Amino acid sequence: MGTLSLSLSLLKFYKPFFFSSIPHFTRPILFRSINNKKKLLSSSSFSCFSSSVGQSQPLTANSTFASKSEGQNLKAPSPELWLHNTMSKKRELLRPKVESKVGMYVCGVTAYDLSHIGHARVYVNFDLLFRYLKHLGYEVSYVRNFTDVDDKIIARANELGEDPISLSQRYCEEFCQDMITLNCLTPSVEPKVSEHMPQIIDMIEKILNNGYAYIVDGDVYYSVEKFPEYGKLSGRDLEDNRAGERVAVDSRKKHPADFALWKCAKSGEPFWESPWGPGRPGWHIECSAMSATYLGYSFDIHGGGVDLVFPHHENEIAQSCAACNKSDISLWVHNGFVTVDSEKMSKSLGNFFTIRQVVDIYHPLALRYFLMGAHYQSPINYSIIQLESASDRIFYIYETLHECESFLNQHDQTVRKDSIPPDTANIIDNFHNVFVTSMSDDLHTPVVLSGLADPLKSINDLLHTRQGKKRQFRIESLAALEKSIRNVLTILGLLPTSYSKVLQQLREKALKRANLTEDEILQKIEERAAARIQKEYAKSDAIRKDLAVVGITLMDSPNGTTWRPTIPLHLQEQQNNAP
């Protein structure tokens, strides 16, 4: 698509048909745009991960992961959800505006390049919130937009000699693939700026008519001085605000912080017709218009990275309130920055990593686990040791569950008893309570991940220790423990389609990082076995250490020697010596 021109009369024609005034929560069908044509999709069409997520059992205050033994009556915590509200600077209880339904808008990517690990953190975080809300029983309308009309897109397209809309469409598709890779559920709807010009223009007209904006030579600017509450989200004073990100310095503006709602057309750029002449929207207006379109002016959660608090979300509030004085978002939720080796991630510093670059050598579920290893509000430091640790941990988790699954498959389910021993029931109940309490307290995922330790240890004890093998109701205990862990992994988006398949994938990633093939490792195992037979223990130890240096550990057993990935030796030493 080259230069775009859409007549105002055509825009007006589309508006009543394209989006009605039906409350968003009662719409049985959602709109998705494909190739500029509107296609109706049922809500069940939006899950691109149904095959890999699995079905979890409801985990509430009145249920446990597995049936308790007789006499157990532990009180579980309430499944209320508290989230930190950037507006009030404190945790607040989620109180949906419509009972049993939640509307959530998350600002999406500007599609001009491959997405990086900072994007991964934002969308894994809100995918987790989306999943947990669904788990609690809410009907969730999750809207995540694409910015496909923007200065950065135009600049990149000019560099490549490509049409801006085509370039953006390509990177929208690449982003969707990255989200599938990270096991993120598809939002309810993913609107694009280029397909919502009628709604954007309509909102700008409302803002103008209400006296909050002015026109200068075909540009439309929002007048921040007209909105006394400007700065209430970020806590910034108006006099401290100057032209910020994506806000050009312009002497025609009444105040330096005034920002563009509409930009007049420039030569060679895509444009749309409007009452103020041909042009395109400013950055901030798009989210106000699209959130209002799908969720109304009053909804429950608006989210994004902390870098969006100012100016983007501050300006969104100003715009939405100017267009409708009943505009009200209950909770503003923001995740922290990602640093790389304790430095800000930046292309200029050479520490900028795309999602593709990371998952080329680490499993996507290791990246997802790493991102959940810190509370979403806190900054998170990306480093090789952190990714290695996450990879090592999920290998242990999936290996334990795979061994448990294999053992259970060898035993007839029909002969299992309904009860489990009190100590197993206590482990499961404690894990359940840790999960519900931590997730409902502002999504404290690090505590949940730590809570996996006890049930995993119990499984390993039952499978491998002499005492565990003699336990009464051993099979029943293993089945209940595996189910409890599987349910939590499903809610966290960490459940693979197959334990054996993900273990093989983790091995392949480890081989790639070690620059070895499996045949080469097996050859080393044979050389080490021969050295041990010859009592050449120094050589045997050297082979083991050489492999450990590159992240391969050897495990000896009566059945022979096998290998598994591990944290490279020098990183283990670094980790052990850390203060």
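This section describes the overall make-up of the chain, one of its sheets, a helix that lies across that sheet, a hairpin and two cysteines.

The model is a predicted one. The chain has 579 residues, and 53% of them count as buried. It contains 20 helices and 17 strands. Contacts reach far along the sequence. Among those with a separation of 6 or more, 76% link residues 24 or more positions apart. The accessible surface of the chain is about 26,100 Å². Carbon and sulfur atoms contribute 50% of that surface.

Four strands make up an open sheet with parallel pairing, in the order 6-5-11-12. Strand 6 (139–144) and strand 12 (328–335) are its edges, each pairing on one side only. On average, neighbouring strands are turned by 20° against each other, direction ignored. Seven bridges connect strand 11 (residues 298–305) with strand 12 in the parallel sense. Within this pairing, Phe299 has Ile329 of strand 12 as its bridge partner. In a regular strand, side chains point alternately to the two faces of the sheet.

Helix 3 lies across strand 5 (101–106), strand 6, strand 11 and strand 12. The helix runs at about 175° to strand 5. Helix 3 covers residues 117–135, 19 residues in total. At 1.5 Å a residue, a span of 27 Å is expected. The end C-alpha atoms are 26 Å apart, which agrees with that expectation. Of the 19 residues, 17 are buried, so helix 3 is largely enclosed by the rest of the structure. Just after the helix, Gly137 adopts a positive phi of about 105°.

A hairpin is formed by strand 7 and strand 8, with two residues between the strands. Strand 7 (residues 213–216) and strand 8 (residues 219–222) run antiparallel and are joined by four bridges. Ile215 stands opposite Val220 of strand 8. In this hairpin, Asp217 takes a positive phi near 50°.

The structure contains zero disulfides. Cys287 is in no disulfide, and the nearest cysteine sulfur, that of Cys107, is 3.8 Å away. A disulfide requires the two sulfur atoms to be within 2.5 Å, so a pair beyond that cut-off does not count. Cys287 has 1% relative accessibility and therefore counts as buried. Cys184 also counts as buried, because its relative accessibility is 2%. The cut-off for buried is under 20%.

Definitions and conventions
Residues are numbered from 1 along each chain as its sequence is written. This is a predicted model: local features need pLDDT of at least 70, side-chain atom pairs count only at pLDDT 80 or more; totals for chains, interfaces and linings use all residues. Side-chain values use heavy atoms; hydrogens and water are left out. Buried means under 20% relative accessible area, exposed over 50%, partly exposed in between (1.4 Å probe, protein chains only). The expected span of a helix is 1.5 Å times one less than its number of residues. Contact means heavy atoms within 4.5 Å. Accessible areas come from the Shrake-Rupley method with a 1.4 Å probe; for residues, only the protein chains shown count as cover. Two strands pair if DSSP finds at least two bridges between them. Axes are lines fitted to C-alpha atoms, for helices over the stretch in contact, and angles run from 0 to 180 degrees between N-to-C directions.
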